Amino acid sequence: MKRIKLTLITLFAAIAGLAAQNAYEGVISYNAGLDKVGNKVILKGAADLSNMSLNTRQMLILTPILRSEDGTSRVEFPSVVITGRNRTKALKREIAFKSALPQAYNAAQYMRRHNGKSEGIALNGECPYAPWMMNAKLVVREEVRGCAKCPMGLGENAIPFTPLFNPAEAPYVLAQVTPAEEEEKHRESHFDAYINFKVDKADVLNDYRNNRAELQKVHDFITTVKSNANYSVNKMIIEGFASPEASIAHNKSLSERRAKSLATVLEKQYGNSLPKVTTKFGGEDWAGLKAAVDKSGIADRDRAMEIINSTQYANDDLREQALKQLSSYKYMLNEFYPNLRRNSITMGYIVRDYTLEEARGVIKTAPQELSEAEMFRVAMSYPEGHPERLFALNTTLKYFPASVTGRINMAVAAFNAGDAQQAIALLSPVQGEKGVSNILGAAYARMGDFQRAEAYFKKAIQEGDANAQQNLDLLLGNK
């Protein structure tokens, strides 16, 4: 069994309280120590009586007490009794007839004081450990009684000592969690192509407006993805979006035809080097219109935003009719609507696996190409607290925001860095997930919330967490 021993050896010379001062002469010195052995607190010490004198008819009862800081919890260790010559005989009769005071009848030791001689009496005892004892005070109550058991003095001497045990500082055990491997790393790249079409037409015309420059951008995007030796392209989608100035049915038909027209151009240009192109209607781009209006300075901006956000319209065609009544509608039609008529190109591909050394570089240049497991290996390749480890863990959360594993690993790093509050903030949104309770228990313990910490450790034990029982024992002082 691990032995945690915080022993105080202090020679404490104190004058008893005013009442006790009048009851005996001189002072008592205390030499006391506290040990924590397993889940027990052991008191070992002695009271040096050499510099005190006791009246022959008096009885002095010394009771060591461990008391919480707020006074709500306490443990009284066994008392010891010191008597004057005549009081010794009287106490023996009282004990024999069971008429002695309880604290005298149940005392651990008895001794007769020989004034003027060097004498002492041992102070011993034990009690179960409880978390409140970390801030407890050790005192000795000095109770003086006369010949008829009448009280003659009551005092208390505090004996300062290092806190016996602080659960907030216990070495709680937390473990990083290795993420599952991705069998294949499927990724996507997106590009918005703003191809201009004639009114109600779907033909892609190279020389119409800025189409030549825009088609070159499309070519550059596709070439960049296709030429990346780390990618195996396996998907291509062209999604047609429309501005809302016509009916939804009309816009859907027109957008689909325009997307298919662009797909035909690309299939002719790239042939079999591209996967089969899929086209679909993305809808009227109300989100794009909202963003454009929101950051604009048009005269009736607030009314336009009210119309866009309102739920009173049965459909978007009616919403569009309301916009047409605004003085700024023509401006929106000419300045905002053209950029809503776009084709979003998505290229899907499988990224090859990277070695650790490669991943250390890729995490800074193209982190989206790494799996969570690869990022974890990068993080663990650096020592605890190293900036590169923290960078890798933070990057994991950025690119895998829904990952419970990522939050757990970042929370463990925060806890180990001394930031229990950040660990709690990271895990609170996922506190019902397996693997989280043990870390929350440790974090709350570090924050001094021992009741909540105990509840989380017990929950983690039920979930089968390998470290939870050990941490609960640390919290309760059982180890």
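Hi everyone, let's start with confidence: this is a predicted model, and its mean pLDDT is 90, with 94% of the residues reaching 70 or more. There is one stretch to watch, though. Over residues 1–22 the pLDDT stays under 50, even though the model has 62 contacts for that stretch beyond four places in sequence. Where pLDDT is low, we should not read the predicted coordinates in detail.

Now, to the inside of the protein. How many cavities of 30 Å³ or more does a search of the whole structure find? The search finds 3. The largest has a volume of about 50 Å³. Its lining includes Ile195, Phe197, Gly240 and Phe241, along with Arg258, Arg341 and Arg342. Strand S15 (231–242) and helix H5 (248–270) are the elements that give two or more residues to that lining. By class, the lining splits into 3 nonpolar, 3 polar and 3 charged residues.

The second largest cavity holds about 40 Å³ of space. Here, helices H11 (372–380), H12 (387–399) and H13 (404–416) each supply at least two lining residues. Among the residues around this cavity are Pro179, Glu372, Leu393 and Asn409. The classes come out as 3 nonpolar, 3 polar and 1 charged.

Last stop: Asn166. You'll find Asn166 in the loop between strand S13 (151–159) and strand S14 (185–193). Is Asn166 buried, exposed or partly exposed? Asn166 counts as partly exposed, because its relative accessible area is 23%. Leaving out residues up to four places away in sequence, Asn166 touches Met134 and Phe450. And its C-alpha atom is separated by 38 Å from that of Ala23, 143 residues apart along the chain.

Thanks for listening!

Notes. Residues are numbered from 1 along each chain as its sequence is written. This is a predicted model: local features need pLDDT of at least 70, side-chain atom pairs count only at pLDDT 80 or more; totals for chains, interfaces and linings use all residues. Side-chain values use heavy atoms; hydrogens and water are left out. Helices (H or I, at least four residues) and strands (E, at least two) are DSSP runs, numbered from the N terminus. Buried means under 20% relative accessible area, exposed over 50%, partly exposed in between (1.4 Å probe, protein chains only). Contact means heavy atoms within 4.5 Å. pLDDT is the predictor's confidence in each residue, from 0 to 100. On a 1 Å grid over the protein atoms alone, a cavity is a set of points where a 1.4 Å probe fits but cannot get out, and a pocket is an open set with protein on both sides within 12 Å along at least five of seven lines; lining residues have an atom within 4 Å of a point. Grid points are joined across faces, edges and corners, and a volume is the space filled by probe spheres set on the points. Ala, Val, Leu, Ile, Met, Phe, Trp, Tyr, Cys and Pro count as nonpolar, Asp, Glu, Lys and Arg as charged, and the others, Gly among them, as polar.
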